[in-house]
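Trainee: Pick a single part of this model and give me a close look at it, please. Then work outward from there.

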Amino acid sequence: MGSDHDLSTGMKIVKYLLFIFNFVFWVGGVAVLGVGIWLKIEYDDFLDIADQTWANAPNILIAAGCLITLLGFLGCIGACCESRIALLIFAVLLFVTFIVEIVAGILAAVYRDDVEQTIVDTLEESIKTEYNSSEPVRKSWDTIQNKFDCCGANNFTDWIDHYIGIPDSCCKTSGCDTKDYSDSNIHREGCINDFKTFIEDNLIAVAGVGIALALIQILGIVFACCLASALK
């Protein structure tokens with residue numbers, strides 16, 4: 001793990017702890033990267049009709065995962081090679097990343113209600129303007145309604161209000177009469193709650209990973225600065 005004969009016993013411990021924490025940080029980055037890829041593949045239908053911000057969420061997670069893995073790797077190299085420059089660069093980048101995470105978390109909490117309203121508006125707008133003109137949007141709506149046993153954004157009347165007609169994907173079983181709005185074989189509840197649940201469930205998972213990484217980042221910054229100072 002590199003020469004450490006010039007380091008005190010305490011700094012040797014810090015060096016090895018820094019390597020361990022950076023390895024855990026690297027694993028966390030891989031986890032974030034995996035979550036981003038999973039969201040992009042598993043919920044592709046949701047993303048086709050989501051607001052552009054949410055549609056880009058998996059890409060943001062993938063980029064963040066790549067950045068975290070690179071930072072973890074840089075920290076491991078700095079600790080192994082006892083490179084003061086690498087350790088200082090690592091500490092600065094880690095601090096900047098930590099600040100960005102804090103700001104993003106605060107903004108997410110402050111604008112949570114606005115985000116939920118944006119989801120509602122986006123779903124309603126996609127029914128009104130895109131269902132009949134966009135094949136990906138039409139396919140996404142049909143897949144979502146079949147998967148979650150829902151119909152429309154707020155409820156099944158969204159399709160009627162926009163003079164589109166209730167899609168077959170709103171049927172509980174195949175062959176229902178979508179022109180008979182009283183047909184009990186048509187799902188009545190909208191898909192908004194399912195959309196919110198999907199986002200909230202994934203936000204909880206991402207938030208949990210984020211909190212764990214933030215704690216590791218703080219320790220990483222402290223250890224990197226201590227070790228860099230000892231290498232003067």
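Mentor: Let's start at C170, which is buried, with a relative accessible area of 0%. Buried here means under 20% relative accessible area, exposed means over 50%, and partly exposed is in between, with a 1.4 Å probe and protein chains only. Before we go on, this is a predicted model, so local features need pLDDT of at least 70 and side-chain atom pairs count only at pLDDT 80 or more, while totals for chains, interfaces and linings use all residues. Residues are numbered from 1 along each chain as its sequence is written, and side-chain values use heavy atoms, leaving out hydrogens and water.

C170 has a partner: its sulfur and that of C151 are 2.0 Å apart, and the two form a disulfide, a term for a pair of cysteine sulfur atoms within 2.5 Å. The angle about the S-S bond is 95° in the other link but 85° in this one, and the link of C151 and C170 is right-handed. Follow the backbone and you'll find C151 in the loop between α7 and α8 and C170 in the loop between α8 and α9, 19 residues apart. Helices are DSSP runs of H or I with at least four residues, strands are runs of E with at least two, and both are numbered from the N terminus. C151 counts as buried too, at 0% relative accessibility.

How many disulfides does the structure hold? Two. The other one joins C150 to C191, with 2.0 Å from S to S, and that link is right-handed as well. C150 sits in the loop between α7 and α8 and C191 in the loop between α8 and α9, with their positions 41 residues apart in sequence. Both of these cysteines, C150 and C191, are buried. For contrast, take C76: its sulfur is 6.2 Å from the closest cysteine sulfur, in C80, which is too far for a bond. C76 is also buried, with a relative accessible area of 11%, whereas C66, at 35%, counts as partly exposed.

Now for the rings. A search of the whole structure turns up four aromatic pairs, where rings of Phe, Tyr and Trp (its six-membered ring) pair if their centres lie within 6.5 Å, with planes under 30 degrees apart counted as stacked, over 60 as edge-to-face and the rest as tilted. One of them is F21 with F223, a tilted pair at 5.6 Å centre to centre and 45° between the planes. This pair links distant parts of the chain, with F21 in α1 (residues 9-42) and F223 in α9 (residues 192-230), 202 residues apart. F21 is partly exposed at 23%, but F223 is buried at 14%.

Another pair is W141 with W159, edge-to-face at 5.7 Å centre to centre and 80° between the planes. W141 lies in α7 (residues 135-148) and W159 in α8 (residues 157-161), so the pair ties together parts that are 18 residues apart in sequence. W141 is buried at 1% relative accessibility, and W159 is buried at 0%. Add Y131 and you have one aromatic cluster of Y131, W141 and W159.

There's a charge to look at too: the charged end of R188 sits over the ring of F156, 4.5 Å from its centre. The rule is NZ of Lys or CZ of Arg within 6 Å of the ring centre and within 35 degrees of the ring normal.

Last, the packing. A nonpolar core is a set of buried Ala, Val, Leu, Ile, Met, Phe, Trp, Tyr and Cys residues joined through side-chain atoms within 4.5 Å. The largest one has 22 residues, and L18, F25, L87, L94 and A224 have the most contacts inside it. Two or more residues come from each of α1, α4 (57-81), α5 (84-110) and α9, with α9 giving the most, eight residues. F25, leaving aside neighbours within four places in sequence, is in contact (heavy atoms within 4.5 Å) with I68, L71, G72, L94, L213, I216 and Q217.

That brings us back to where we began: a second, separate core of 21 residues includes C170, along with A153, F156 and F195. As for the whole chain, it has nine helices and zero strands, and 38% of its 232 residues are buried.
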